[in-house]
Amino acid sequence: MIGAGLVLGLIVCATAAVYVSAGLGKFAAPEHTRRAVRELFRLDEPTAHAAVRVLALVELAAGAGLLVPAARPAAAVAAGALGLAFAAAGALGRARGTATPCGCFGRADSAPLGLRSVVVGLALAAAALAVLGGASALTRPDLLPVGAAGLTVLLAAWTWRDIVRELIRPRPTPASDH
Amino acid sequence: MTYVFGFALLVLAGAVVVLFAMLGQLSERSGVTPAQGSGVRLLEEARVGRAPDAWPAALAAFADGPLRIVLVLSTACNSCRTVAGQLAERTDVADVAVVVSTADAPVGAEFVAANGLTRLPHHVDESGAWVSSQFGISVSPAALVFRDGVLISALAFTDFTALRSTVSPTRQRV
């Protein structure tokens with residue numbers, strides 16, 4: 001049972017990390033997702049702008065809510081709905097053959113909404129369902145925010161690995177006079 | 001107490017996410033995108049379909065004629081130096097002009113001279129005023145494509161060869 005609790009804890013932390021990162025990425029760099037949303041749903045600029053802001057808020061709330069016992073059931077429902085919505089957007093993107101980057105996590109060069117989005121969306125929905133069904137198996141719920149924080153940082157480092165690589169790349173030192 | 005500590009850590013982690021996203025924005029706007037290769041991207045914010053109110057004297061010849069490309073380079077951007085180096089070695093640049101965006105005109109002039117851009121029509125655009133006010137562009141390296149003096153497309157790029165294959169004198173559509 002400890003094993004099941006650990007696995008479920010990891011699922012909660014990972015799902016929370018994904019939604020927190022996705023929400024914050026959209027707040028920091030909303031234009032990429034706004035472009036994708038405008039193209040996919042044929043929205044005008046103000047509507048797309050508002051939609052992305054609301055989406056970012058909901059993602060953030062769902063991610064944070066998964067870590068709080070009282071809010072976990074509602075947050076799991078929201079996370080599942082977001083996952084299904086992402087999968088649906090992916091299916092629509094694939095059907096329309098969209099090439100506009102989805103703007104996921106605030107990246108300008110993210111993959112367009114398509115098959116990958118469907119898979120990820122369904123995985124997030126499945127994770128939310130697991131959380132909803134197995135919340136009582138969590139052994140140390142007080143450690144979930146710590147785990148989610150760690151996974152959020154790892155996800156950020158992975159998402160922006162090109163920038164991390166550039167930042168840690170050794171610079172050539174100038175030649176010194178002898 | 002553990003919850004408070006945990007959420008404090010989560011807030012810090014969130015700050016890391018925002019920091020990286022903002023670095024990504026900065027990287028995109030300055031053209032420093034090491035892992036993106038030589039992709040060419042449409043700049044949707046550009047005021048396509050309009051002609052500038054006035055052309056700098058050095059670029060007056062670009063006010064009409066078939067496909068013309070004005071490259072926007074910045075003195076503060078590493079990718080722009082790379083592109084400038086590529087331009088110096090190319091022979092297919094008869095339809096290309098360069099606008100150097102800089103905070104300081106002498107720095108811009110030095111950039112032109114140091115990167116062998118003097119053989120091309122060029123203009124030093126202090127504070128990027130002409131490019132941003134006329135076309136709504138604040139990204140570099142960028143390529144402004146004109147036909148008969150009217151902006152028909154604006155592209156962000158990091159490799160001139162890739163840009164050239166997208167915009168060619170033999171192609172009348174971009």
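Helix α6(A) is the top contributor to the lining of the second largest cavity, putting in 3 residues. In this predicted model, that cavity comes out at about 40 Å³. Its wall is made up of A:S21, A:F105, A:L155, A:A156, A:T159, A:W160 and B:V17, so chain B gets a look-in through B:V17, given that a lining residue has an atom within 4 Å of a point. Sorted by class, the lining splits into 5 nonpolar residues, 2 polar ones and no charged ones. As for the tally of enclosed spaces, the structure has 2 cavities of 30 Å³ or more.

The open side of things is where the largest pocket comes in, with about 1,000 Å³ of space. A total of 38 residues line this pocket, and those closest to its centre are A:F86, A:C102, A:G103, A:C104 and A:F105. A:F105 thus turns up twice, here by the pocket centre and again in the wall of the second largest cavity. Plenty of helices pitch in: α1, α2, α3 (45-65), α4 (72-96), α5 (115-134), α6 and α7 of chain A each bring at least two residues to the pocket lining. The class breakdown for that lining reads 24 nonpolar, 6 polar and 8 charged residues. Charged side chains therefore feature in the pocket lining, whereas the lining of the second largest cavity has none, with Asp, Glu, Lys and Arg being what counts as charged.

Turning to the contact between the two chains, 32 residues of chain A meet 25 residues of chain B. Putting the chains together buries about 2,400 Å², and carbon and sulfur atoms account for 74% of that area. On the polar side, the count of salt bridges between chain A and chain B is 0, while 3 residue pairs are in polar contact, both partners at pLDDT 80 or more. On chain A, the side that touches chain B draws at least two residues from each of α1 (2-28), α2 (30-41), α6 (144-159) and α7 (161-168). Once again α6(A) gives the most, this time with 7 residues. By class, this side of chain A holds 20 nonpolar, 4 polar and 8 charged residues.

Taken by element, α6 of chain A keeps cropping up: it leads on the side of chain A that touches chain B, leads in the lining of the second largest cavity, and is among the helices that supply at least two residues to the lining of the largest pocket.

Conventions. Residues numbered from 1 in each chain as written. Chains lettered and ligands numbered in written order. Predicted model: local features only at pLDDT ≥ 70, side-chain atom pairs only at ≥ 80, totals over all residues. Heavy atoms only, no water. Contact = heavy atoms within 4.5 Å. Buried area = accessible area lost by both parts, 1.4 Å probe. Salt bridge = Lys/Arg side-chain N within 4 Å of Asp/Glu carboxyl O. Polar contact = N/O pair within 3.5 Å; in protein donor to acceptor, adjacent residues only side chain to side chain. Helix = DSSP H or I, 4+ residues; strand = E, 2+ residues; numbered from the N terminus. 1 Å grid on protein atoms, 1.4 Å probe; cavity = no way out; pocket = protein on both sides within 12 Å on 5 of 7 lines; lining within 4 Å. Points joined across faces, edges and corners; volume = space filled by probe spheres on them.
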